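Please open the structure in your viewer and keep a selection tool at hand. The stops below are meant to be taken in order.

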Amino acid sequence: INLFLTCIEIVQLIKTICMSKKPLILGIETSCDETAASIITENEEGNPIVLSNIVSSQVEVHKEFGGVVPELAARSHIEKIDWIVEKAIDESGKKITDIDAVASTAGPGLIVCLSVGLSFGKAIAGSINKPFIAVNHLEGHALSPKLNSSLDYPYLLLLISGGHSQFLKVKGLGKYKRLGTTIDDALGEAFDKTAKLLGVEFPGGPQIEVLAEKGDPNKYELPKPIFNKGGCNLSFAGLKTAILKITKSIKTEKEKFDLAASFQKTIEEILYKKTKVAFSEFEKQNGVKEKIFVVAGGVAANKKIRSMLIGLCEEKNYKSIFPPIEFCGDNAAMIAMVGLEKYKLKLFDKLDHPAKPRWSLDEEAAFLKGAGVRL
Ligand code: KG4
Ligand code: ZN
């Protein structure tokens, strides 16, 4: 009888271990110029835990060209991907065979770059015989705040990165409604182009913020395209043209700082106004229970934009959520985060899943003529 009871206890113990085994997800990101890998899991309460987050930037590779060169980016991903993934696994303290699923960015992005992380992820998933999950890079940004704060759907998202600028209602995993978008340049692009015109080395976007601190924000009057029309849609192309004209007459360092400061101030004014419009659009949507505003993407690292938007949220009674700075720019923890949510719902992909250079979060809005913007 004693032996029988011991057997039952052992079976019970194995069951408990199996049931409490939390998923371990490997995330891989190579959509543009960052080679990244991360291992995440979750705790007993279901909150994510980032065990490792390795990001290798290619700034040095692209510096002399003043922008990302796709072929060089892809070559650099190929050179680095295996040791970046190895490092992520080592730092997590786990073994490759402990991984429960592999999530790779499948789009949007540069196809030659996407293909590297996608095929590497598929190969690992296949070799350890675990599910593969194809992740939309933008969904990674959209869920990045979940890496360190609990967040209920639906919420309003402002996604501001190098390739995208959109207001979205996030209804749930894979469920997005676009409320507004840029009709020309993305905000990160506007920062980068302004930096280039001011003679700042690539990648200049983040440095504009630093230069702006030394200048007079009221020195130059810059245009604010579609400021009073077009709902919460955005436009930044006119700013670039205005800045190009001014740079031609700039002679001193002081004038350069003033222009950076005027640009930063103009962006803050545009975002302040358009976010207010987005708030009212969001509140008109069905199923909105709580006023939650999330800002994600590389430009969300801009401290002045952050504090301005936090102030607006206080004014309008919104709960504001920003991912920590290390999860604002491109990283693989956010890709693993989407992987974790999809894993729990058993949303797996086949190993022949294609790379998708264009992949909108709101497929219905993606096909609207002229971005569906009425001016
Ligand atoms: O999300 P991200 O890393 O890559 C894309 O998916 O595009 O965003 C990169 C963009 C770049 O355009 C970069 O200049 C911008 O984010 N960025 C910033 C700051 N940090 C990064 N823009 C303004 N202020 C910053 N502090
Ligand atoms: Zn990104």
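What follows is a tour of one sheet and of the helices on it.

This is a predicted model, in which local features need pLDDT of at least 70 and side-chain atom pairs count only at pLDDT 80 or more, while totals for chains, interfaces and linings use all residues. Residues are numbered from 1 along each chain as its sequence is written, chains are lettered from A and ligands numbered from 1 in the order in which they are written, and side-chain values use heavy atoms, with hydrogens and water left out.

Begin by selecting the five strands, which form an open sheet of mixed pairing in the order β3-β2-β1-β4-β5. Strands here are DSSP E runs of at least two residues, and helices are H or I runs of at least four, numbered from the N terminus; two strands pair if DSSP finds at least two bridges between them. At the edges lie β3 (48-57) and β5 (132-136), each pairing on one side only.

Next, select β2 and β3, which run antiparallel and are joined by nine bridges. Glu 34 has Ser 57 in β3 as its bridge partner. The two strands make a hairpin with five residues between them, and in the turn Gly 46 has a positive phi of about 85 degrees.

Now move to β4 (residues 101-107), which pairs with β5 in the parallel sense over five bridges; here Thr 105 stands opposite Val 135 in β5.

Finally, add helix α11 (residues 333-344), which packs on the sheet and touches β1, β2, β3, β4 and β5, contact meaning heavy atoms within 4.5 Å. The direction of α11 makes about 40 degrees with that of β2, where axes are lines fitted to C-alpha atoms, for helices over the stretch in contact, and angles run from 0 to 180 degrees between N-to-C directions.
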